Amino acid sequence: MSIQKLADALGLAPSTVSRALNGYADINVKTRQRVQEAARDMKYRPHPVAHRLATGRNGAIALMTSVRAGNYLDASFAALLSGAAEVLREQGYFAMSLALPVGDGELKEMDRLIEGRLVDGVILARTRTFDSRVALLQERRIPFVTHGRTETNAPHAWVDTDNEQAFYVATRRLIELGHSHLGMINGPESMTYAQLRKRGFLRACNEAGIDQSRITIQHCEVTSQAGERAANEILNSPPKSPALCVQPIRRLWGPCLLVAIVAFKWAKTFPLPGMGTVRPQHMPHLPFPPLSTPSWTTAATLLNCYCVSWQATT
């Protein structure tokens with residue numbers, strides 16, 4: 001159906017119908033409601049190119065993260081995208097996923113997306129303590145919200161789990177079990193979540209009076225190979241740690257658990273608490289049920305924050 005037919009049915013000028021559909025304030029509220037209800041009843045859909053020209057918006061939101069060569073997006077990102085897509089669909093938006101290349105091409109690729117006006121806003125995942133991607137979005141005044149916080153960027157809307165408290169609780173549990181030689185496998189030092197988890201781990205150790213010489217922390221990329229190297233380093237170098245806290249994106253769990261089995265030679269038990277999204281079917285050899293953050297609910301919260309961010313920007 002054309003906008004002319006919709007206008008004829010309503011007895012209005014096509015320009016009035018167009019402005020009413022696009023929410024212009026110079027069209028009174030009752031007329032806007034009448035036009036929008038008629039459009040729904042008559043199943044009118046604006047031409048996407050015409051709609052973009054009229055509003056400056058194209059109805060797409062990008063869920064964006066940066067991925068190193070050879071890595072891949074994990075299940076939690078897919079769940080986040082699925083949840084975001086479902087919520088956005090209800091508001092008439094499409095959800096797009098975009099993997100930025102880590103390194104020199106990262107900001108260039110992001111800038112190309114912004115300059116091309118391919119999306120109306122951004123949900124950015126896996127934030128860093130200072131995030132140049134956030135700085136670029138703020139500079140260009142693009143509506144956005146982040147999954148994860150930053151520490152030195154200008155204030156912005158974000159949704160995050162309490163990484164510090166989670167690792168504090170996990171480490172306290174290890175200490176209560178009698179462990180005093182502790183190791184931690186963490187994500188890259190540049191990532192905000194890694195710094196927060198490290199703070200929680202060290203806070204629990206300091207409160208318990210555990211000497212720094214009994215603590216080992218390894219930062220690594222979130223890959224199976226890097227996780228295995230980090231676990232081997234902790235378990236085979238003094239002081240040997242009979243307990244590990246890990247950042248268990250599921251690629252890390254398998255190698256860490258295999259290395260932990262070796263540790264049974266000198267430890268009767270080997271607790272391995274962690275945090276993240278791990279599904280039982282992915283790790284059938286785990287002797288305990290994993291817990292994870294509900295990514296769909298996180299996505300819905302992100303979209304609520306996005307709306308607030310968009311209102312503030314406009």
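Axes here are lines fitted to C-alpha atoms, for helices over the stretch in contact, and angles run from 0 to 180 degrees between N-to-C directions. Helices (H or I, at least four residues) and strands (E, at least two) are DSSP runs, numbered from the N terminus.

The model is predicted: local features need pLDDT of at least 70, side-chain atom pairs count only at pLDDT 80 or more, and totals for chains, interfaces and linings use all residues. Residues are numbered from 1 along each chain as its sequence is written, and side-chain values use heavy atoms, with hydrogens and water left out.

**Exercise 1. Describe how helix 2 packs against helix 3.**

Step 1. Choose the descriptors. Two packed helices are described by the angle between their axes and the distance between the axes.

Step 2. Apply them. Helix 2 covers residues 14-21 and helix 3 covers residues 29-41; their axes come within 9 Å and cross at roughly 90°.

Step 3. Classify the angle. Under 35 degrees counts as roughly parallel, over 145 as roughly antiparallel, 65 to 115 as roughly perpendicular, and the rest as oblique. Helix 2 is therefore roughly perpendicular to helix 3.

Step 4. List the contact residues (contact: heavy atoms within 4.5 Å). Helix 2 supplies Val17, Ala20 and Leu21, and helix 3 supplies Arg32, Val35, Gln36 and Ala39.

Step 5. Sort them by type. Ala, Val, Leu, Ile, Met, Phe, Trp, Tyr, Cys and Pro count as nonpolar, Asp, Glu, Lys and Arg as charged, and the others, Gly among them, as polar. The contact of helix 2 with helix 3 has 5 nonpolar residues, 1 polar and 1 charged.

**Exercise 2. Do the same for helix 1 and helix 2.**

Step 1. Helix 1 spans residues 3-10; its axis and that of helix 2 come within 9 Å and cross at roughly 100°. The two helices are therefore roughly perpendicular to each other.

Step 2. On helix 1, the contact uses Ile3, Gln4, Leu6, Ala7 and Leu10; on helix 2, Pro14, Val17, Ser18 and Leu21. The split is 7 nonpolar, 2 polar and no charged.

**Exercise 3. Work out the strand order and pairing of the open sheet.**

Step 1. Fix the criterion. Two strands pair if DSSP finds at least two bridges between them.

Step 2. Read the order. The sheet has 5 strands in the order 2-1-3-4-5, with parallel pairing. Its edges are strand 2 (94-101) and strand 5 (158-159), each pairing on one side only.

Step 3. Place the helix. Helix 6 (residues 105-115) packs on the sheet and touches strand 1 (60-67) and strand 2; its direction makes about 150° with that of strand 2.

Step 4. Count bridges. Strand 1 is joined to strand 2 by 8 bridges and to strand 3 by 4 bridges. Strand 3 (residues 121-125) and strand 4 (residues 144-147) pair over 4 bridges.

Step 5. Find the register. Thr65 stands opposite Ala99 in strand 2. Met64 stands opposite Leu124 in strand 3, and Leu124 stands opposite Thr146 in strand 4.

**Exercise 4. Is strand 1 buried or exposed?**

Step 1. Set the cut-offs. Buried means under 20% relative accessible area, exposed over 50%, partly exposed in between (1.4 Å probe, protein chains only).

Step 2. Count. In strand 1, 8 of the 8 residues are buried, so the strand is largely enclosed by the rest of the structure.

Step 3. Separate the faces. In a regular strand the side chains alternate between the two faces of the sheet. In strand 1, Ala60, Ala62, Met64 and Ser66 point one way, and Ile61, Leu63, Thr65 and Val67 the other; all are buried.

Step 4. Check the approach to the strand. Asn58 lies in the loop between helix 4 (48-55) and strand 1. Asn58 is partly exposed, at 23% relative accessible area.

**Exercise 5. Examine the backbone at Arg117 and Arg141.**

Step 1. Recall the background. Most residues other than glycine have a negative phi.

Step 2. Take Arg117. Its phi is positive, about 50°. Arg117 sits in the loop between helix 6 and strand 3. With 61% relative accessibility, Arg117 is exposed.

Step 3. Take Arg141. Its phi is also positive, near 55°. Arg141 is in the loop between helix 7 (132-139) and strand 4. Its relative accessible area is 55%, and Arg141 counts as exposed.

**Exercise 6. How many helices and strands does the chain have, and what share of its residues is buried?**

Solution. There are 12 helices and 8 strands. Of the 314 residues, 43% count as buried.
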